[in-house]
Amino acid sequence: RVMTAISSGINAEWPLRPGDSLVASLDVVNSNSIKVQVNDKAPIVNIDKTDGCQVFVQKATGLATEFVTAKSSEVNICLVEENGEYNESFVAEQFLTKYCDGKFVTELYEVCG
């Protein structure tokens, strides 16, 4: 299996043997317009200081993957079905922090209407 990252038109591949999985994490840092495909298991995908990132994970193996983002925008997670079709979900970029019950609480900022 191959872990593929495509950034700014440059295709970089890290070969993995069949059945191999990432033990720790996959990190994307200081990137623009990058696509990452995880063909097997990856416990954590870290995305930091990145503008425009699509992460493709297989539904069969990627549902347990945790995504950690910081200082990033336009991050989308694509859940790939066995037939190759995928559903794309965005990662929230806006949060609301307010003082509540003696501490600051941060939550997802949702616009309704």
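**Order of elements**

I read the secondary structure along the sequence and noted the pattern β-β-β-β-β-β-α-β-β-β-β-β. In total I recorded one helix and 11 strands. The model is a predicted one, and I kept this in view throughout.

**Whole-chain figures**

I looked up burial next and found that 27% of the 113 residues of the chain count as buried. The accessible surface comes to about 7,800 Å². Carbon and sulfur atoms hold 51% of that surface. I then took the contacts in the chain with a separation of 6 or more, of which 14% join residues 24 or more positions apart.

**Salt bridges**

How many salt bridges does a search of the whole structure find? I noted two. As general background, side chains of opposite charge can pair when their charged atoms come close.

I looked up the pair E81 and K59, where the closest N and O atoms are 3.5 Å apart. E81 lies in the loop between β8 (73–80) and β9 (86–90), while K59 belongs to helix α1 (residues 59–62), so this salt bridge ties together parts that are 22 residues apart in sequence. I also checked the accessibility of both partners. E81 counts as partly exposed because its relative accessibility is 25%, and K59 is likewise partly exposed, with a relative accessible area of 37%.

I then turned to E107 and K98, whose side chains meet in a salt bridge at 3.6 Å, N to O. I recorded E107 as partly exposed, at 35% relative accessibility. K98 has a relative accessible area of 41% and is partly exposed.

**Positive phi values**

Most residues other than glycine have a negative phi, so I searched for exceptions. I noted S33, with a phi near 50°. This residue is in strand β4 (residues 32–38). S33 counts as exposed, since its relative accessibility is 54% and the cut-off for exposed is over 50%.

I entered K49 as well, which has a positive phi of about 50° although it is not a glycine. Where is K49 found? I placed K49 in the loop between β5 (44–48) and β6 (51–58). At 42% relative accessibility, K49 counts as partly exposed.

**T65 and its surroundings**

Is T65 buried or exposed? I recorded T65 as buried, because its relative accessibility is 10% and buried means under 20%. T65 sits in the loop between α1 and β7 (66–70). I listed its contacts, leaving aside neighbours within four places in sequence, and obtained A42, P43 and V45. For A42 I also noted a polar approach: its backbone oxygen lies 2.8 Å from a polar atom of the T65 side chain.

**Nonpolar surface patch**

Which residues form a nonpolar patch on the surface? I noted L96, Y109 and V111, which together have about 290 Å² of accessible area. I followed V111 further and located this residue in the segment after β11 (103–108). V111 counts as exposed because its relative accessibility is 67%.

Terms used. Residues numbered from 1 in each chain as written. Predicted model: local features only at pLDDT ≥ 70, side-chain atom pairs only at ≥ 80, totals over all residues. Heavy atoms only, no water. Patch = residues over 30% accessible without salt bridge, like charges linked within 9 Å, V, L, I, M, F, W, Y side chains within 5 Å. Areas by Shrake-Rupley, 256 points an atom, 1.4 Å probe, with all protein chains shown as cover. Salt bridge = Lys/Arg side-chain N within 4 Å of Asp/Glu carboxyl O. Helix = DSSP H or I, 4+ residues; strand = E, 2+ residues; numbered from the N terminus. Buried < 20%, exposed > 50% of the residue type's maximum accessible area, 1.4 Å probe, protein only. Contact = heavy atoms within 4.5 Å. Polar contact = N/O pair within 3.5 Å; in protein donor to acceptor, adjacent residues only side chain to side chain.
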